[in-house]
Every structure is written in C-alpha cells, then in structure tokens.
Amino acid sequence: MQAPGIAGSAQPKLAGGVRLQTDSKTGNGVLLFPEGVLELNETAQDIVSRCDGRTVGEIIQTLAEEYDVDPEMLRADVQETLGDLQHRKLIELV
Amino acid sequence: MIAPRPYALLAEITYRCPLHCPYCSNPTQTGNDQELTTDEWTRVIREAAALGVLQIGFSGGEPLARRDLPDLVRAARQANLYTNLITSGIGLDDDRLGALRDAGLDSVQLSFQSDNTDLADEIAGSRAHRHKLDAAAKIRAVRIPLSLNFVIHRRNIDRLPQMIALAESLQAERVELANVQFYGWAFLNRAALLPTREQVVRAREIATAAKTRLAGKIDIFYVLPDYYEKRPKPCLAGWGQRYLTVNPIGEVLPCPTASSAIPDLRFENIRSRALDWIWRESESFNRFRGTEWMPEPCRSCPQREIDFGGCRCQAALLTGNAATTDPVCELSPNRARVDAVLRELNSLGDNALDWTYRVNPKVVTVSETAVSARR
C-alpha cells in the first residue's frame, strides 16, 4: 500500500521531542518519544537517519545509490515508511 | 526462565507530594526508611541503561519535591535514556524548568484534576489548579513536549468535554483521560471514585468523538475503569517483561503498586543487590513471569499471551491471592466480586460518598528541603 500524498519535494524531519539513537543492546536504530520506543529495521533506520533536511526525492536517490538499485524500486517502500512514521507523528513533512 | 530485556524504568524518587488526591496509587502505609540519595539514584540509572532500559519516567509523589531532580535528569541523559517528568506542576517555576531543560529533560506529563478550579482544588485537597495552568504555559514556552493527564472518576467524569477543551487551549500534544485504577489510596476510596455505568458509557462516547475530531492535532487516550471491562488489561505487558519500578526507598518492583498490594512477596532493594541480578534472578520478578505460574482458566486460555491473566495486584487486592486470574475477567471464578462492587455502587444513584484524602508518609530525607509545600 502506497501512502498517499507524500511529494518528492517534501522534506521529512523528526518531530519535536523525538530522538533517533542506536540501541546498545541490538545495535539497531530506535526512535524514542514521550512514553514510547519504536525499534527500526535496517531500511527504516537508513531512511530516518537521512531525514535531515533532504527531500524525499533526494533520500530515495541516495539510498538507490547505496543499495545499487533503481530508485523506482525504492520509491514505494520509502513513501510507505515515511507515511507510517508521519501517521505516528514521529516525523513531520516540511 | 530467561529474562527479557526491560525498556522502561519508573523512578519514584519520593512519596512526598503537596497534593492530597484521594485516587493516588501510592501505598497508604509506608515505612520509615530513608529516600535513596543522588548517588544511589545515579547508580540505579546506569545499571538500568546497561540492562537495556531506554526510557525513564521520574515520578512520585511529586518528583519536584527533590532538589536534585535536574542532576538525576542529567545522569539519565548521560546514560542515553529518554527522560519523562510525571508531575503535578507544583513547584515548577522558571528557574527549575530552566535547570531541567538544560539538564536535557525530553518531555513532561502534567496531571490535572479537572478543568474547573474549584472542583480541581477540592479533589487535590490543595489550591493547585492555577499553578498547573501556569506550569503548562511555561512548559509550552520552552518547547518541551507536553502530555496532560486527567484522572477520571465519579466526581469529574461528567466534565470530560470541558477537560478536552482545556487540553486544546493549552496546546497539549497528547491527552490521557484515564479512569482511576484501584490501588493504594484509590482502592481505599473506591466507593467514592468509581463512576456509574451510565457515566462510563457517556464518557466513552465523548472521548471517541473527540479523538476523531482532534485526529492529527492532539492524541487522545481514553482509559476505561477496568471493573466495567469483560477482559482484564494486559497489565505492564506481562510481569517482569518490559517495565520495572524503583520506589523512593530503593525497592525494585515489577509494578509500582506491587509492594503494597502483594504483601507476601519479598522485594529486593537496590541498596543490597545489583539491578541486573534483581531483574533476572530475584524471586519477585520471576514469580509471575511468563505463563507457568498461571492457574485455570488462564493456563489454557488463548488470550494468555495477550492479557497475561491481567493484573497481579488487582487479583491480590480483590481475592487475597495474587496468583489467580484477575477478577475483572468474565471467565474468572471471582468475577462475582467485581459485579457485587458495581451493583452496590450503581444503586447509590447520585449520592456520592466521601473520600479520605491522601496524607504524606513519614519518610526521612537527607540534606533535602521540601520546596513544594510553600506553594
């Protein structure tokens, strides 16, 4: 399912009060927020760690280069992940 | 049994509190032991982080009653923990809020007794409401995420729409409308606090409508009084699974109410044991861990890994046996006890009973002054 309406030009960033850090127990990324913890899988961690002012399009492009795949193959995954995080109010789109 | 990894520590740093809410879940009787020192708490925090804990909630009592709160927040941030302050807001002036923010405080959960000043002050047994409104504005001004927690009961549940309106006007990110759960002082005052069935049904409708209306703006959580549920709450996501509590005198508890609700369980103290050992090896943490301890009907129930048999403290309080199914469950052989409470309560009509206000424990404090009593 593709999340509707996340434009390639949108700039996702962590919402206020949300922190990304590495879990010393697992080595994986975790998002920490008031009264909650979200453990990220590798792809989600790769996406969230790039929510630093880059646009969605740029994030897709960077990841495509790193994974050495066609950006089109990543687009749906990235949009779905961002849509899910936005729904949980863990990221905001600027 | 192999212990899982805990995610959150509730640090009850003092039982002292300037408020006297009759629904407080603190023990009604506490010993005369000394509160943990700053150094002892710092050690607890480091040991908790090493165990895997990622979140810490500073609670009480009123945590602001301890002068060293910013030091403890700083220690928690140094240990990479996400820091929440669970407070009445009393004593949160600009200096203290600035010190907490500089120490790295991540979020605040502020309690309210009502939207209405007179009623709120009557419930708190203290002129606290105006200070809370001030505190909320100050927290907003320094841009720390703010959750509001309204504790709901028979005397304020009919004002749910006004409480939601207050949360909107204070621009909270998150609102908990949590019906009282019956432990500590609340258990003592149950007959005065438990809402009627009619009130509960109406409140649920109001909360559901507000949740829809405010979606994307404020997250609203409505917690039912579980006596009206058919199945028990999945208390703490299971005993000794994800959470631990350290109380003001250093006892390490699977649940904050366990020390008073389950008197036959011996709880280890951080002053004599390492946290890691207590979490993994102690009898108190292992007694109800997993499903082995369960009697019927839990043992063969398809829900056993979903609700974990409900709440051990509630089972102990209502039946005298912590190792039995939470009597809230419709399958429990003891459900009739809950129904009897509800029947009696609902027959009272509009005649609300009086409650007993919480009083402060006689805890010995070292090199500490209670700052909050002046307000």
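This is a quick talk through a predicted model with chains A and B.

Okay, housekeeping. Residues count from 1 along each chain as its sequence is written, while chains are lettered from A and ligands numbered from 1 in the order in which they are written. Because the model is predicted, local features need pLDDT of at least 70 and side-chain atom pairs count only at pLDDT 80 or more, though totals for chains, interfaces and linings use all residues.

Chain A, then. We get 3 helices and 5 strands, in the order β-β-β-β-α-α-α-β from the N terminus. Those are DSSP runs, numbered from the N terminus: H or I with at least four residues for helices, E with at least two for strands. The C-alpha atoms take up a box of roughly 35 × 25 × 25 Å along the principal axes. The radius of gyration, over C-alpha atoms, is 13 Å, which agrees with the value near 12 Å for a compact globule of 94 residues; the rule there is 2.2 Å times the number of residues to the power 0.38.

On burial, 24% of chain A's 94 residues make the cut. Buried means 20 or more other C-beta atoms within 10 Å of a residue's own, exposed means 12 or fewer, partly exposed is in between, and the C-beta atoms are placed from the backbone. As for contacts, which need those C-beta atoms within 7 Å, take the ones in chain A with a separation of 6 or more: 56% join residues 24 or more positions apart.

Now over to chain B, and to strand β3, residues 82–87. How many of its 6 residues are buried? The count is 6 of 6. B:Tyr82, B:Asn84 and B:Ile86 point one way, with B:Thr83, B:Leu85 and B:Thr87 going the other. That's the usual story: in a regular strand the side chains alternate between the two faces of the sheet.

So who are the neighbours? β3(B) pairs in the parallel sense with β2(B), residues 55–59, over 4 bridges; pairing takes at least two DSSP bridges. B:Gln55 sits opposite B:Tyr82. Getting from β2(B) to β3(B), the chain goes through helix α2, residues 69–78, in a right-handed β-α-β crossover. Right-handed means the path from the first strand over the helix to the second runs clockwise, with the strands pointing away from the viewer.

β3(B) also pairs with β4(B), residues 107–112, parallel over 4 bridges, and B:Asn84 has B:Ser107 as its bridge partner there. The link is helix α3(B), residues 94–103, in a right-handed crossover.

Last bit: the contact between the chains takes 14 residues from B and 11 from A. Thanks!

Note on methods:
Two residues are in contact if their C-beta atoms, placed from the backbone, lie within 7 Å.
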